[in-house]
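I opened the notebook to look up how two chains meet. The entries follow in the order I made them.

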Number of protein chains: 2
Amino acid sequence: MDNTTRLAEMLAEIGADWAILTSPDSVCFATGHVVPIEIGPSPFSGGPTTAFVSRDGVAGVVCPNTDAGQAIDCEEISYAGFACSVVDQVSNYLAAVKTMLEKLGVVGRVAVETASLTAALADLLPAERSVIDDSLKRLKAIKTTREIGLLTRSAEVAALGQKEAAGISISGRTELDVLNGIRARMETEAGTRCALAGEFLAGIERSSTLGLMPGAYELQKGDPVVCDLAPRVQGYWGDSCSSFVVEAEKSDEFAKMHQACFETLQFAISELRPGLKVCDFDKLLRNHLKEYGYSYPHHSGHGIGTSVHEWPRLVPDEAAMIEENMVLMVEPGSYVPGLGGVRCEFMLRVTNSGAVPMATF
Amino acid sequence: MDNTTRLAEMLAEIGADWAILTSPDSVCFATGHVVPIEIGPSPFSGGPTTAFVSRDGVAGVVCPNTDAGQAIDCEEISYAGFACSVVDQVSNYLAAVKTMLEKLGVVGRVAVETASLTAALADLLPAERSVIDDSLKRLKAIKTTREIGLLTRSAEVAALGQKEAAGISISGRTELDVLNGIRARMETEAGTRCALAGEFLAGIERSSTLGLMPGAYELQKGDPVVCDLAPRVQGYWGDSCSSFVVEAEKSDEFAKMHQACFETLQFAISELRPGLKVCDFDKLLRNHLKEYGYSYPHHSGHGIGTSVHEWPRLVPDEAAMIEENMVLMVEPGSYVPGLGGVRCEFMLRVTNSGAVPMATF
């Protein structure tokens, strides 16, 4: 079953007639229309690219002409956002929305996204409203066969980047230089530019500090590296993290820490299964790593799909049940001042009885 | 005068008490707070990062904790977007907005941005509304001294990328590989990751086709290249375009076309000045290039600042007057099937009597 149909069934369950979707990830989830995101909101848009899905499974997208032509099994109305003349993108967007609402016959109760529904769009919609946020995040968490395929591809692109990483991490190159070398490898494999989240931090101090951004730091022989790569390919994100040492063997102490984290990731693969609560899974991992004497102050992982971080996040107070066909990042790590940082992260698909990594490196 | 003060004065002129800004470029313009954009809307945000500016020049920003700590001369309220626990970003964002509205005492008429004001935010604001779009785009078009400095820096980073481009455009490398090599140079210079707009297209067919994206095409000796680089540095965009040939001299025919476009750019620098209408300037450029037998089907350029494309766009029907301290991209080009594409683009600052390029390459 495709996501438009799944969303239509969900609308019936929550008593809504239409979903009106305004976040790039929800538009892609529901219709397959990939909104360009890597320079932020397009200067050629007059409002959020918007998807419309009815409880009968009818779907539409309103987008600027700069990203038109993607529609499959979906009405598409594109408006002049970019042209060789004066263009009023806002008026054009709103006019296109009106046309779409009439064409599809949008009436009844509409379910909307709180964080991104604009006031100007809201003014054009039927007055009866539901909030779709919670139902939608749960629907997104369970992937379709098509989505598993797309996420596997994204996992493979990320894994290819990871395989490239150690080889091009050479002393004298900057973090940003290496990160872009990796990006080049991933994008060439994907055949297109990819939005990229993540980090690449080298050196004992930088790799053991959370929250830094890659910078002009020059790699030195023996530097530990935390290499977190999350490319978006065809609207779906891959994610991954590896740790290694620049042009040298790991010291015994660093190797011990690395081994503990990697073994905890292997333990996670063996423990993850449907029916387990997220908080219990999270606790298992933290306790397992603690036996080696290490710990991490961040989440144990998160869902991933058309957004790089989706529900459920693997945190100590998340009571959600793990279900088949969830795709979860799992990322045990350790950050020790004077020694460096390690994080080992795979994408795991939850099967009917366990879990499998979608790509390894 | 800083932009907060300029915006405050504008509010008085349009009879509004507060500006409520919700686009990343307007937030940066008004307060200097740089919203991360390169992976699209943050998965850790519960609504748009929002700026508040009063007609008395008081300013505030509400942002997720992932991009907090930037405030200068500005109240900042950050909310939990990312934490090692279950987080409801939407509720946290709306609660932070409420606190900010009370703290600043937001009452009276609020001026809002149509394309990005969310319905949930609108529900919290005073009922009296003005649309700020048109006044704000005109205010943004005239740059302050600080902004000229930031844009000069961005122009220099782009120019450095252009200088790198020809050198690393080697046969056998893909467009994406070279583009990321250039990106590495620019980002290392900037010391941080930069959002990047633009294109890198090689070969006769690809360089002469508009609207393509860089891909896995492998460069060949003798390929013409259109290299358009627009990095965002500290919230301000640089833009640039050069054209060259891979590992070979230009053919006579290509050199002639290149010379005509570059000479038209030089002509633009000599003609651009305050008091000229945009449409007249646009016509001058098109007519000048036409004398050489070439033409382009796109705009002649555009404003640039905290957005990569700002008002005024240099198109045949834009009647706006060119003013001192506008920063305008000017980009004559020619795209000839069987020969290839050329585009020559500099950032020009309009002075009190003419125009100067902000960086050359």
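I began with the shared surface: 100% of the interface residues of chain B are also interface residues in chain A, so the copies meet through the same surface. Contact here means heavy atoms within 4.5 Å.

I noted that the model is predicted: local features need pLDDT of at least 70, side-chain atom pairs count only at pLDDT 80 or more, and totals for chains, interfaces and linings use all residues. Residues are numbered from 1 along each chain as its sequence is written, chains are lettered from A and ligands numbered from 1 in the order in which they are written, and side-chain values use heavy atoms, without hydrogens and water.

I looked up the relation of the copies. A turn of 180° and a shift of 0.0 Å along the axis lay chain B on chain A with an RMSD of 0.0 Å (least squares on the C-alpha atoms of residues with pLDDT of at least 70 in both). That is the relation of a two-fold axis.

I then looked up the extent of the interface. In it, 59 residues of chain B are in contact with 59 residues of chain A. The two chains bury about 4,300 Å² between them, 63% of it on carbon and sulfur atoms; buried area is the accessible area (1.4 Å probe) that two parts lose on being put together, summed over both. I39(B), C84(B) and R193(B) lose the most area to chain A, together 15% of what the chain B side buries.

I searched for salt bridges (a side-chain nitrogen of Lys or Arg within 4 Å of a carboxyl oxygen of Asp or Glu), and the rule finds zero across this interface.
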